[in-house]
Amino acid sequence: MTTPTSTPPASLDVDALLRDAQIIVCCGAGGVGKTTTAAALGVRAAEQGRSVCVLTIDPARRLAQSMGLTELDNTPRAVSGIDTSAGGRLDAMMLDMKRTFDDIVVAHSDEARAKAILANPFYVSLSSSFAGTQEYMAMEKLGQLKAKGTWDLIVVDTPPSRSALDFLDAPQRLGRFLDGRMIRLLTAPARAGGRAYLKVFAVGVKMFTDVLNRLLGAQALRDLSLFVTSLETMFGGFRERADQTYKLLKERGTSFLVVAVPERDALREAAYFVERLETERMPLAGVVLNRVHMSGAPALSVERSIAAAETLEGDGDEAYAAAALRVHADRLASAIRDARRASQFHAAHPRVRMAEVTAQASDVHDLEGLRRIGAELAAETPTAA
Amino acid sequence: MADFPAVKLHVVSGKGGTGKTTVAAGLALALAAGGRQVLLTEVEARQGIAQLFDAPPLPYEERRVAVARGGGEVYALAIDPEQALLEYLEQFYNLRRAGSMLKRLGAIDFATTIAPGLRDVLLTGKVMEAATRERRGGGRIYDAVVLDAPPTGRIAKFLNVNTEVAALTKMGPVRNQANSVMTLLQSAKTAVHLVTMLEEMPVQETVDGIAELIATGLRPGAVIVNMMREPLMPDDSVADTAAGKVDTDEIARGLKAASLDGDPATVSALAAELSDHARRVMLERQELATLSALDRPMYELPYIADATELSGLQEIADRLQSAGMV
């Protein structure tokens, strides 16, 4: 299929990427098909002989089912139905962020203490709803999977953040929060050195605890104080952990794929992301553009199609052909708009390689569909059916 | 006749990308028509309302953003949990000085971030305050309040403040506040509307969302189907064409009749496009049937190219009104 494009962007060699990378991070705005892209890459790499693990965050139910992800047990499971004749395999898992957090707690404290922390309402809130916990835990899990050394390639899908950039910032934001002023203040009495230090902050702490006592009662205050002291003892290294995962992302063998669709907001996000990765010196493999409209008859212009449809609509017998022309005009107009947006993006980021996937008539939710997308990503000429 | 005459608080949710903010704004305009005062609120720090009405970022203050047909007014407020907590401390405990000191220490940020459920109680509590104002109290009195709420996947949890706060505290003022918020949200004065599109994931989330709302004791309101497109082909040929039985002869004949070059490649390209379109129409019908089976009042909004312009919002308002929602 062809579509008019003024400057065709340099194409991304997806198969080379799948052969060489050790970690591929798929990022981009919400709703652009990140999970589907990650899954399609995983299937293709596995069928080309690599041992692959796909870490997904929040897959659509039927896509998850197609990969056998029916239970949330936070452990990679083999995906059945993969062609393993080339010697590869595919495992997949869905991130359970709370459980990943719980595991850190258990690993870093004795049994009694862990039990108390896990039941603490402030901890429950932090581990299940703090903006950034999901991003942080995704990176934590990626680090754990990598450390196992079981897989040649790990493909990770990033959380559906409000902004694509959240995923780079969140680990540090969480680290900063846990390392923050209020936490230091609340833990100050436990580690205060000089009296002056204690005196200055004691006023603030007392005020805080008084207000809290009035609003929430004594139990909440006890819960908070337990939470804060456990932070002190076991999450001291939080920032350090955040730094470690951050380093992992910069290592050789890690590649970022920015996923987008040819719409203004998604492309703007993609542009931010591309620029940000450059600033952070993170290795960008390229941009995957999903849901690109294509037309098989670009020579039959939108205007001529509409004019012809109008002529035919006057004649009752030609309603079917008129509909075909209307549909074609609509599709070609979308294709032209998409191609223009893609080439505008390319003009602004000339060195960024791109791969395109055509808009599918329906959502993909089986391995066959994922294979098709994988083949398209690798710019394989579709074999005639 | 309005379908929700007793409702004072309209909560509007929807999956990301379905246009919930636009629909919430359209609903606010419709409710304001004929001289009524309506407050449109948002709680996610996105400044979506300001962008929609082409206004500078909204402060924590009720600002007029639009005038409705017949002289009504739409005010807007972006609710911020920190500000709401400070206001709360000030109003109920006269803790103004303590509040500003706590803010400097980062304690307000800390509390609204980490205390389970506190953030949501503060946000919904402020909405409740606006929806239940009485003559002698301070502040503008509204005929209706529209909340541009968090997305469908989180809506039941967001509104279920009672349970959320229960983990934090069993007594005290925050607990009481949660109770009164919950009473309003579960009453006939509140309806939770869900915005969707005719695609698989948004429809599935709508189905799940309604079940969750009911399980939480909340009242699902309307289902609003946004961005609908008319089929471009004759009804009776959709099923066959979708199944791949495209009448290529008829397309070739039509191209010829319109004196276009109907070479086989062009004909088969057009046939493939028509078949894709027919499959899409079939899928949309299936999703529409799924939504109809929910048995909620349902309103359909067409795809509007300039939906985010004031004229587009007015069109949404007019359509919701003529469909009987308000």
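**Pocket, cavity and interface in a two-chain model**

Sorted by class, the residues lining the second largest pocket come out as 6 nonpolar, 4 polar and 4 charged. The model is a predicted one, and this pocket makes a handy starting point. The second largest pocket holds a volume of about 260 Å³. Its lining runs to 14 residues, with B:Gln91, B:Phe92, B:Gly125, B:Glu129 and B:Gln177 lying nearest the centre. Two elements, helix 3 (81-93) and helix 6 (118-131) of chain B, each put two or more residues into that lining. Helix 6 of chain B has the largest share, at 6 residues.

Next come the enclosed spaces. The count comes to 6 cavities of 30 Å³ or more. The largest cavity contains about 100 Å³ of space. It is lined by 13 residues, and those closest to its centre are drawn from both chains: A:Val211, A:Leu212 and A:Leu215 on one side of the list, B:Leu85 and B:Ala111 on the other. The elements giving two or more residues here are helix 10 of chain A, plus helix 3 and helix 5 (107-114) of chain B. Helix 10 of chain A is the top contributor, with 5 residues. As for chemistry, the lining of the largest cavity has 13 nonpolar residues and no polar or charged ones. Helix 3 of chain B thus turns up twice, in the lining of the second largest pocket and in that of the largest cavity.

On to the interface itself. The contact draws 52 residues from chain A and 59 residues from chain B. Between them, chain A and chain B bury an area of about 4700 Å², and carbon and sulfur atoms account for 70% of it. On the chain A side, A:Leu215, A:Tyr320 and A:Ala361 supply 17% of what that chain buries against chain B, more than any other three residues. A:Leu215 is a familiar name by now, being one of the residues closest to the centre of the largest cavity.

Polar chemistry also shows up across this interface. The rule picks out 2 salt bridges between chain A and chain B. One of these pairs B:Arg253 with A:Glu318, whose closest N and O atoms sit 3.4 Å apart. There are also 10 residue pairs in polar contact across the interface, both partners being at pLDDT 80 or more. On chain A, the helices that each bring at least two residues to the side touching chain B are helix 3 (61-66), helix 6 (121-129), helix 9 (181-191), helix 10 (195-216), helix 11 (218-234), helix 14 (302-313) and helix 15 (319-348). Helix 15 of chain A takes the largest share of that side, with 11 residues. Broken down by class, the side of chain A that touches chain B has 32 nonpolar, 8 polar and 12 charged residues.

Key: Residues numbered from 1 in each chain as written. Chains lettered and ligands numbered in written order. Predicted model: local features only at pLDDT ≥ 70, side-chain atom pairs only at ≥ 80, totals over all residues. Heavy atoms only, no water. Contact = heavy atoms within 4.5 Å. Buried area = accessible area lost by both parts, 1.4 Å probe. Salt bridge = Lys/Arg side-chain N within 4 Å of Asp/Glu carboxyl O. Polar contact = N/O pair within 3.5 Å; in protein donor to acceptor, adjacent residues only side chain to side chain. Helix = DSSP H or I, 4+ residues; strand = E, 2+ residues; numbered from the N terminus. Nonpolar A, V, L, I, M, F, W, Y, C, P; charged D, E, K, R; others polar. 1 Å grid on protein atoms, 1.4 Å probe; cavity = no way out; pocket = protein on both sides within 12 Å on 5 of 7 lines; lining within 4 Å. Points joined across faces, edges and corners; volume = space filled by probe spheres on them.
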